[in-house]
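Welcome, and please load the model in your viewer with side chains switched on. We will go from stop to stop, selecting a few residues at a time.

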Amino acid sequence: MDYLISSMLATMPNGMWEKIITAFETAFGSFALSIIILTLIIKLVMSPIDYFNRRTNKKMAEIQKRIKPQVEAINKKYANNDQVKNQKLGELYKREKVNPVGSCLVMLVNIALTFTIFITLFNGMNAMASYKISDQYEKLQIAYVQEYATSIGENLDFDQEGKSVYEICIPIIEKMNQITDETEKTEVFNTANQNVAEKYEEIKDSFLWIDNIWLADSPFKNSIPNYEEYASVARLSNEDKENEEYKQVYEQIMNPLSSSKSRANGYYILVVICLITAFLNQWLMFRKNKGDGQQTGKAMLIIMPIIMALFTLLYTTMFSLYIITGQIVSIITTPIVNAISNAVDKHNENKKIPTDRLKRI
């Protein structure tokens, strides 16, 4: 039998986010806590840009609201002469110090940075999930064969160059399967399954009610991935996915573990939290901008919570924690940012009043 599975050697991803998350996990002892803290840091670093973007948008909205009657008058008066109309609008914008390009530039920079962080972090956590699922399976393979290998005097050398954990373990698994004495066989496999169960409890990455943070929070998803889920998350090649012998060994090791007790990986709690926080976040922005873009604001109240909930439903718990933490931070900081912005406007207005009075004198 050809058991050469080229992709079985789990390799730690070396991307920027993967390194940061791993360093945080080493410091705080939890991948879930590391992503929460990382999200807080990202939000803190992005807060000046976010504040400047909100201030610019607010200032632009106020100016546009003030000059709206004049814009409508120009559009109506020069409806049949676009050249003159654009000239008059340009003069108006210049006089009122309207700079649409500058406002859009700030917004585009903010969107570009946010989107870049979102996509790269998403890819980084997928790479981490692939590595962790593969690494866990390698450790469970070792736990499965270790005791029997010791009992028959087999030396498992996992430092053999060019050989994966699977290739080293498979001869032992073959010998286990060839045991003819039923009593001995039962004892060997009970011990192997117990060792795997104990090892999984030792190495698993869980968080609160979620047994496996590298999978989604779902009551319909087993925290021990079946072979198809494992092959997908671990990013096995098509050849490896279709290797029946490899599949049989995986199921031999993992199936007793997955059926040993209820292994529901969650209860959609994160999905519900995500829906609520996304709605509140959009509602705060909608209320702040009330009167401007009503239809768009109402649509986003529905669309954004659904999109965010789908990410939570379909991808890892780690990414769900990133989304929810970011939304909670926005919910908390939006009223604070608005209050600071209003205070700055009031201060500027108070400084302007004496100047206006002086001009009248």
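Start by selecting Asp-82: at 46% relative accessibility this residue counts as partly exposed. The labels work as follows: buried is under 20% relative accessible area, exposed is over 50%, and partly exposed lies in between, with a 1.4 Å probe and protein chains only. Now add Lys-85, which at 18% relative accessibility counts as buried. The side chains of Asp-82 and Lys-85 meet in a salt bridge, 3.6 Å from N to O. A salt bridge here is a side-chain nitrogen of Lys or Arg within 4 Å of a carboxyl oxygen of Asp or Glu. Both partners sit in helix α3 (residues 82-95), and because they are 3 residues apart, about one helical turn separates them.

A word on what you have open: this is a predicted model, in which local features need pLDDT of at least 70 and side-chain atom pairs count only at pLDDT 80 or more, while totals for chains, interfaces and linings use all residues. Residues are numbered from 1 along each chain as its sequence is written, and side-chain values use heavy atoms, with hydrogens and water left out.

**The whole chain**

Zoom out and colour by secondary structure. The protein chain has 12 helices and 0 strands. Helices (H or I, at least four residues) and strands (E, at least two) are DSSP runs, numbered from the N terminus. Of the 361 residues, 40% count as buried.

**More salt bridges**

How many salt bridges does the structure hold? There are 11 salt bridges. Select Glu-201 and Arg-263 next: they form one of these, with their closest N and O atoms 3.6 Å apart. Glu-201 belongs to helix α6 and Arg-263 to the loop between α9 and α10 (269-288), so this pair ties together parts that are 62 residues apart in sequence. Compare their surroundings: Glu-201 is partly exposed, with a relative accessible area of 36%, whereas Arg-263 is buried, at 6%.

Then move to Glu-229 and Lys-221, whose side chains meet in a salt bridge of 3.4 Å, N to O. Glu-229 counts as partly exposed at 23% relative accessibility, and Lys-221 counts as partly exposed at 24%. To see a network, select Glu-201, Lys-204, Asp-211 and Arg-263, which are joined into one by salt bridges that share partners.

**Aromatic pairs**

Switch to the rings of Phe, Tyr and Trp (its six-membered ring). They pair if their centres lie within 6.5 Å; planes under 30 degrees apart count as stacked, over 60 as edge-to-face and the rest as tilted. By this rule the count comes to 20 aromatic pairs. Pick Tyr-137 and Tyr-230, an edge-to-face pair with 5.2 Å centre to centre and 65° between the planes. This pair links distant parts of the chain, with Tyr-137 in helix α4 and Tyr-230 in helix α7 (residues 227-233), 93 residues apart. Are these two tyrosines buried or exposed? Tyr-137 is buried, and so is Tyr-230.

Now select Tyr-227 and Tyr-250, whose ring centres are 5.7 Å apart with planes at 65°, so this pair is edge-to-face. Tyr-227 in helix α7 and Tyr-250 in helix α9 (residues 244-258) link distant parts of the chain, 23 residues apart. Tyr-227 is buried, with a relative accessible area of 3%, and Tyr-250 counts as buried at 1%. For a group of rings, select Phe-118, Phe-122, Phe-311, Tyr-315, Phe-319 and Tyr-322, which ring pairs link into a cluster.

**Surface patches**

Finally, turn on the surface. Patches are made of residues with over 30% relative accessible area and no salt bridge; like charges are joined within 9 Å, and nonpolar side chains (Val, Leu, Ile, Met, Phe, Trp, Tyr) within 5 Å. Select Ile-302, Ile-303, Ile-306, Ile-307, Leu-310, Leu-313, Leu-314 and Tyr-315 to show a nonpolar surface patch of about 690 Å². Among them, Ile-303 lies in helix α11 (residues 294-314) and counts as partly exposed at 40% relative accessibility.

For the last stop, choose Glu-147, Asp-181, Glu-182, Glu-184 and Glu-187, which gather in a patch of negative charge on the surface. Helix α6 (residues 182-203) gives the largest share of this patch, 3 residues. Glu-147 lies in helix α4 (residues 100-151) and is partly exposed, with a relative accessible area of 45%.

Note on methods
Accessible areas come from the Shrake-Rupley method with a 1.4 Å probe; for residues, only the protein chains shown count as cover. Lys and Arg count as positive and Asp and Glu as negative; His and the chain ends are not counted. The place of a charge is taken as NZ of Lys, CZ of Arg, CG of Asp or CD of Glu.
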